[in-house]
Amino acid sequence: MKRALYWFREDLRLLDNPALTAMVEQADEAIFAFVIPNSDQWSRSEDRMGLHRSRFMMESLMDLDRDLQERGNQLMLLHGNPAESIVKTAKQWECEAVFSQSCHTEEELQSTKDVAVLIPHHTVEGVTLIHPDDLPFSVEDLPEIFSRFRNKVEKRGLDIREELPIPHLPPPPAGVSRSPITLELPERLVGLPDNTMSFTGGAKDGWERLQHYFWGSQSLSEYKQTRNGMLGWDYSSKFSPWLAWGCLSARSIYYAIRRYEEDEGANDSTYWLIFELLWRDYFRFVSMQHGKQIWRATGLKEAPRNPVSHHPLQWKAWCTGNTRSAFVNANMHELRLTGFMSNRGRQNVASYAVHDLGLDWRACAAWFEHWLIDYDPCSNTGNWLYVSGIGNDPRPQRKFDVDWQAERYDPMGAFQSHWNRLGEVFPLDPNKVP
Ligand SMILES: Cc1cc2nc3c(=O)[nH]c(=O)nc-3n(C[C@H](O)[C@H](O)[C@H](O)COP(=O)(O)OP(=O)(O)OC[C@H]3O[C@@H](n4cnc5c(N)ncnc54)[C@H](O)[C@@H]3O)c2cc1C
């Protein structure tokens with residue numbers, strides 16, 4: 001094939017990128033593009049992204065562009081309707097086909113189809129640790145409960161495909177301007193303590209984080225004991241933003257864990273990180289299995305599990321961190337001020353929202369989408385459904401006693417006083433809550 005367009009979507013990387021490798025094997029020349037949608041109809045539009053995620057995306061795009069420039073090509077940044085922008089650019093540069101990593105959620109699938117109507121569009125799986133074709137069952141027959149999924153997968157032995165090297169990239173067609181991308185990054189909040197977590201997008205920083213968490217601090221060897229922590233950088237891997245944007249692949253992380261185990265020894269903790277990556281896979285497969293159903297008010301069930309009042313005052317209190325629970329409030333401040341919240345925090349604020357305040361899980365999930373740097377449509381929705389009791393969970397209720405949880409996971413109140421104080425310094429105007 002003379003020329004192809006590669007469309008970067010949830011895969012902002014060159015290493016271990018199966019769709020990119022497939023394109024490179026076929027095309028003599030290539031255009032590389034990413035679209036920032038111009039309407040809130042699409043999940044990567046700026047209207048649906050808070051400043052933290054938007055900044056992380058821009059940093060990731062500039063890092064990707066640097067990687068492409070070093071290899072003689074470059075990234076084209078397009079703005080508009082994703083499918084229309086891709087088709088228009090592909091036709092303008094006389095590309096014979098478009099290649100991209102497979103996406104699995106409604107809006108993304110629609111854009112995939114819209115492109116395919118007008119130009120050959122080859123999609124290749126690359127998000128999950130286990131390739132969907134390597135599961136011991138078809139995605140339609142995915143077990144309804146995570147533990148059954150995990151048992152079946154583990155029983156057969158984890159069969160993970162090889163990590164793909166960065167391929168030799170084809171050049172751009174003559175006439176493509178080769179100026180590097182410069183984006184105006186949204187400012188970080190000024191005035192937060194120096195030790196506040198702040199993520200930088202791009203594969204380079206993702207690998208630095210991995211190097212630190214594995215060989216630098218060797219925190220991986222204690223992950224199983226520390227993963228329920230709430231304050232600081234190293235209680236958990238913090239890989240989620242780089243995974244969500246595809247700067248790191250789950251497979252690359254898997255093979256790095258195996259290398260670490262050879263160097264430092266395997267234990268329950270090194271395995272537990274792989275176990276968590278299986279949760280990520282599971283929610284992806286659930287989305288593939290159920291399609292649009294995952295967005296319904298009743299989720300994967302026929303009826304809701306608890307009454308939904310969605311009172312506007314309760315909603316604003318939850319979003320702004322002004323509920324009766326100091327523990328919930330602290331987590332909500334952390335989310336808004338940093339773009340991150342621990343897994344323990346997420347479970348608690350989600351349970352409190354749905355089971356104590358009667359909020360609509362879909363509005364809460366959209367609030368998470370806005371603020372989380374690591375927003376992933378499948379992991380976010382899957383977890384919200386799970387906590388709400390309308391997803392893949394055999395238990396009818398997954399209600400957390402947030403006071404008990406605060407005692408257990410923040411016994412000295414250090415986390416709560418830290419974030420509640422900062423919440424007072426940087427309050428959110430309730431009128432800015434949708
Ligand atoms: C209500 C709610 C919403 C969530 N929304 C998201 C989201 O939008 N994006 C997202 O990546 N995660 C989401 N999670 C899952 C989890 O909280 C985060 O993945 C985790 O806190 C990220 O921190 P980490 O990278 O340090 O995780 P670690 O504990 O170090 O785990 C390593 C990786 O495993 C995966 N993982 C771990 N736990 C889960 C889980 N429960 N579900 C899916 N994957 C998991 C993530 O990719 C994570 O980076 C949500 C959880 C809840 C309860």
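These are my notes on the ligand site of this structure, which is a predicted model.

Entry 1, the pocket. I looked up where the ligand sits. The space it takes is the largest pocket.

Entry 2, the shell. I listed the residues around the ligand and got 26. Tyr223, Ser236, Ser237, Lys238 and Asn343 come nearest. I then sorted the shell by residue class: 12 are nonpolar, eight are polar and six are charged.

Entry 3, polar contacts. I went through N and O atoms of the ligand and noted three distances. A polar backbone atom of lysine 238 is 2.6 Å from a ligand oxygen. With asparagine 343 the side chain is involved: one of its N or O atoms is 2.8 Å from an oxygen of the ligand. For aspartate 374 I noted a polar backbone atom, 2.8 Å from a ligand nitrogen. I also checked the cover: on its own the ligand has 820 Å² of accessible area, and the protein covers 96% of that.

Entry 4, helices. Which helices each supply at least two residues of the shell? I found H8 (240-244), H10 (268-290), H13 (343-356) and H15 (377-388). H10 gives the largest share, five residues.

Entry 5, domains. Why does the ligand lie between domain 2 and domain 3? Domain 2 spans 203-290 and domain 3 spans 312-432. Both give residues to the shell, so the ligand lies between them.

Methods:
Residues are numbered from 1 along each chain as its sequence is written. This is a predicted model: local features need pLDDT of at least 70, side-chain atom pairs count only at pLDDT 80 or more; totals for chains, interfaces and linings use all residues. Side-chain values use heavy atoms; hydrogens and water are left out. A residue is near a molecule or strand if one of its heavy atoms lies within 4 Å of it. A polar contact is a pair of N or O atoms within 3.5 Å; within protein, one must be able to donate a hydrogen and the other to accept it, and residues adjacent in sequence count only if both atoms are side-chain atoms. Accessible areas come from the Shrake-Rupley method with a 1.4 Å probe; for residues, only the protein chains shown count as cover. On a 1 Å grid over the protein atoms alone, a cavity is a set of points where a 1.4 Å probe fits but cannot get out, and a pocket is an open set with protein on both sides within 12 Å along at least five of seven lines; lining residues have an atom within 4 Å of a point. A molecule sits in a cavity or pocket if more than half of its atoms lie within 2 Å of its grid points. Ala, Val, Leu, Ile, Met, Phe, Trp, Tyr, Cys and Pro count as nonpolar, Asp, Glu, Lys and Arg as charged, and the others, Gly among them, as polar. Domain bounds come from an automatic or database domain assignment.
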